Amino acid sequence: MVIIQDDNNPSAHEKPLRISGDPHKCQRAKEMVLELLAKREMKIPVPRTAVGMVIGKNGETIKRIQQESGAQVQFKADDGHSPERVCAITGSPDIVQIAAQMIQHLLIKYNASDVYMYI
């Protein structure tokens, strides 16, 4: 694969990609490139106190979310100071949305249980 470009300066303009080789392998390479271009990342703020619930014991909950949605789900590096952690969800738009809904559902349950604690 070769990106055809006038210079090495980064730009927002689209650049053609030349894929050469065995036709079947070229088709697979094209599909893989298109998959990469279709990937999106969504960031969801998660209260620091709810991170454990999203991750689950031994990572079981976050693994289940990844398996059921097909998205990659991980928490960004912690600064140790903010009241929230950033949960990054990566994948195609439809699977990112599925994982985001699963996490939002957990956060709704967390907030509901938090309300009962203060009543």
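Salt bridges come first: a search of the whole structure, which is a predicted model, turns up 8 of them. Four charged residues, Arg-48, Asp-78, Asp-79 and Arg-85, are tied together in a salt-bridge network. Within that group, Asp-79 pairs with Arg-48, with 3.8 Å between the closest N and O atoms. This pair stitches together distant parts of the chain, 31 residues apart: Asp-79 sits in the loop between S4 and S5, while Arg-48 sits in the loop between strand S3 (40–47) and helix H2 (51–55). Neither end is fully tucked away or fully out in the open, because Asp-79 has a relative accessibility of 46% and counts as partly exposed, and Arg-48, at 31%, counts as partly exposed too.

A more local case turns up in helix H3 (residues 60–69), where Glu-68 and Arg-64 are 4 residues apart, which means about one helical turn separates them. These two form a salt bridge, with the closest N and O atoms 3.7 Å apart. Glu-68 is exposed, at 52% relative accessible area, whereas Arg-64 comes out as partly exposed at 35%.

Then there is Glu-35, whose side chain meets that of Arg-28 in a salt bridge (3.7 Å, N to O). Both ends land in the partly exposed class, Glu-35 at 48% relative accessibility and Arg-28 at 41%.

On to the strands. S4 (residues 72–75) and S5 (residues 84–91) run antiparallel to each other, paired over 4 bridges. One of the residues involved is Phe-75, and its bridge partner in S5 is Cys-87. S4 also has two distinct faces: Val-73 and Phe-75 make up the covered one, Gln-72 and Gln-74 the uncovered one. That back-and-forth fits the usual picture, in which side chains in a regular strand alternate between the two faces of the sheet.

As for the cysteines, Cys-87 is buried, with a relative accessible area of 0%. Cys-26 is buried as well, at 16%, which is under the 20% cut-off. Disulfides are another matter: searching the whole structure gives 0 of them.

Finally, the start of the chain. Ile-3 belongs to strand S1 (residues 2–3). Leaving aside residues up to four places away in sequence, Ile-3 touches Lys-15, Pro-16 and Leu-17. Its C-alpha atom is also 6.3 Å from that of Arg-18, a residue 15 positions away along the chain.

Methods:
Residues are numbered from 1 along each chain as its sequence is written. This is a predicted model: local features need pLDDT of at least 70, side-chain atom pairs count only at pLDDT 80 or more; totals for chains, interfaces and linings use all residues. Side-chain values use heavy atoms; hydrogens and water are left out. Contact means heavy atoms within 4.5 Å. A disulfide is a pair of cysteine sulfur atoms within 2.5 Å. Buried means under 20% relative accessible area, exposed over 50%, partly exposed in between (1.4 Å probe, protein chains only). Two strands pair if DSSP finds at least two bridges between them.
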